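Here are my notes on the model, point by point. Please read them with the structure open.

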Amino acid sequence: MYNLLKGKRGLIFGALNDKSIAWKVAERVCEEGATFVLTNTPVSMRLGNIDELAEKCHTIVIPADATKVQDLENLVTKGMEHLGGKFDFVLHSIGMSPNVRKGRTYDDLDYNYLQQTLDISAISFHKILQVCRKLDAISDWGSVVALSYVAAQRTLYGYNDMADAKAMLESIARSFGYIYGREKRIRINTVSQSPTLTTAGSGILGFDNLVDFAERMSPLGNANAEECADYIITLFSDLTRKVTMQNLFHDGGYSNMGMSFRAMKIYTEGLEYRDVKAVKRS
Ligand SMILES: NC(=O)c1ccc[n+]([C@@H]2O[C@H](COP(=O)([O-])OP(=O)(O)OC[C@H]3O[C@@H](n4cnc5c(N)ncnc54)[C@H](O)[C@@H]3O)[C@@H](O)[C@H]2O)c1
């Protein structure tokens, strides 16, 4: 460990269970010497085991639904009270689509569900930032990170309305990044992570195949949740003070690939011998 976050205080959204990306971030943040407060919705607190994480990291959990401004005001106020000062870092690791959950396809969306997808997965990020700014809750040179996915830029089968939510999330990081950067030198970035085996991840249609495909396409292989946490630590640290308003790909190179040998093999192996020869010739 490098003591990269020694003396820093933070707020971490989205640890549901030990598979969650936020859970891994909390563990690494703790190892790097920071103190922090955890939060999740009351329902997720019951369904998962965030209390275990809190105990392990000697901290508290303050319940909040990130779509409710009042909950966020209470969370931010109590969180600062508990830590004895402003936050130096904030993690938004929140995503959920009722359309995905209920099996509604992108050409048959329920629009009430779509509103919820956008509210939970993207607008909540704006709400958190706006509440923090109004309560002056983030220190100068603080760092805010939200988790995104490459479906914001490229269409991926089955990702559904979450693609729209991620595009909006990344846009909020840029728009608020300008305001908060100009005023307080606070940086705001999104990390676009490889498909990762978590509760939210495994809700996506054909997730196992998506993981396999991304693994074959990425020269460095898929990034796992622990590696994602390592990367986020650097973004919370003072080593990245001039990085802001960026969508940072943490995906083993996937986002810049077109076709790889290992992905191509799936198709060639499935073909008749004469077709393979034809592929080789072309
Ligand atoms: N797993 C992947 O393949 C993958 C890939 C790229 C990006 N991401 C993103 O990473 C983030 C974390 O997801 P994860 O994969 O760790 O899954 P996860 O299911 O462990 O985490 C999602 C979290 O969102 C929380 N949440 C849902 N509604 C909420 C609300 N109204 N208020 C507050 N919290 C709420 C859940 O309680 C849960 O803790 C999400 O933004 C997700 O889209 C995941």
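1. A term first: helices and strands here are DSSP runs, numbered from the N terminus, with at least four residues (H or I) for a helix and at least two (E) for a strand. On that basis Met245 falls in the loop between α9 (225-236) and β6. The model is a predicted one.

2. Stay with Met245. Its phi is positive, about 60°, and Met245 is not a glycine. Is the residue buried, exposed or partly exposed? Met245 counts as partly exposed, because 17 C-beta neighbours lie inside 10 Å, and the partly exposed class sits between 12 or fewer (exposed) and 20 or more (buried).

3. His58 also deserves a look. This non-glycine residue has a positive phi of about 55°. His58 sits in the loop between α3 (50-56) and α4 (69-83). It has 8 C-beta neighbours inside 10 Å, so His58 counts as exposed.

4. Now helix α7, residues 162-184. Its 23 residues reach 31 Å from first C-alpha to last, close to the 33 Å expected at 1.5 Å a residue. The helix is kinked by about 30°, and the kink is centred on Gly177. Just after α7 comes Arg185, with a positive phi of about 60°.

5. Which residues of α7 are buried? Among them are Met162, Ala163, Leu169, Ile172, Ala173, Phe176 and Tyr180. Gly177, the centre of the kink, is buried too. So are the charged residues Asp164, Lys166 and Glu170. What do the buried residues of α7 pack against? Their partners are the helices α5 (98-101) and α6 (111-134), together with the strands β4 (138-148), β5 (187-193) and β6 (247-250).

6. The largest nonpolar core has 73 residues. Ile12, Ala26 and Ile232 touch the most other members. The element that gives the most to this core is α7, with eight residues. In soluble globular proteins, nonpolar side chains tend to be buried together.

7. Ile12 can be followed further. Beyond its neighbours within four places in sequence, Ile12 is in contact with Ala22, Val25, Ala26, Phe36, Leu38 and Leu91. Ala26 thus appears twice: as a contact of Ile12, and beside it among the core residues that touch the most other members.

8. Next, the ligand. The residues around it number 28, and Ser20, Ser44, Gly95, Ala200 and Gly201 come nearest. By class, this shell has 12 nonpolar, 14 polar and two charged residues. Both α1 (21-31) and β4 supply at least two residues each.

9. Thr198 is worth checking in the loop between β5 and α8 (207-217). Is Thr198 buried or exposed? It counts as buried because 23 C-beta neighbours lie inside 10 Å. Not counting residues up to four places away in sequence, Thr198 touches Lys19, Ser20, Ile21 and Ala225. Ser20 is also one of the residues that come nearest the ligand. Gly258 is 60 residues from Thr198 in sequence, and their C-alpha atoms are 26 Å apart.

10. Last, Trp141, in strand β4. Trp141 is exposed, because 12 other C-beta atoms lie within 10 Å. Leaving aside neighbours within four places in sequence, Trp141 is in contact with Arg185 and Arg241. Arg185 is the residue just after α7 with the positive phi. Trp141 and Arg187 are 46 residues apart in sequence, yet 6.9 Å apart in space, C-alpha to C-alpha.

Terms used:
Residues are numbered from 1 along each chain as its sequence is written. This is a predicted model: local features need pLDDT of at least 70, side-chain atom pairs count only at pLDDT 80 or more; totals for chains, interfaces and linings use all residues. The expected span of a helix is 1.5 Å times one less than its number of residues. The bend at a residue is the angle between axes fitted to the seven residues ending there and the seven starting there. Two residues are in contact if their C-beta atoms, placed from the backbone, lie within 7 Å. A residue is near a molecule or strand if its C-beta atom, placed from the backbone, lies within 6 Å of it. A nonpolar core is a set of buried Ala, Val, Leu, Ile, Met, Phe, Trp, Tyr and Cys residues joined through C-beta atoms within 7 Å.
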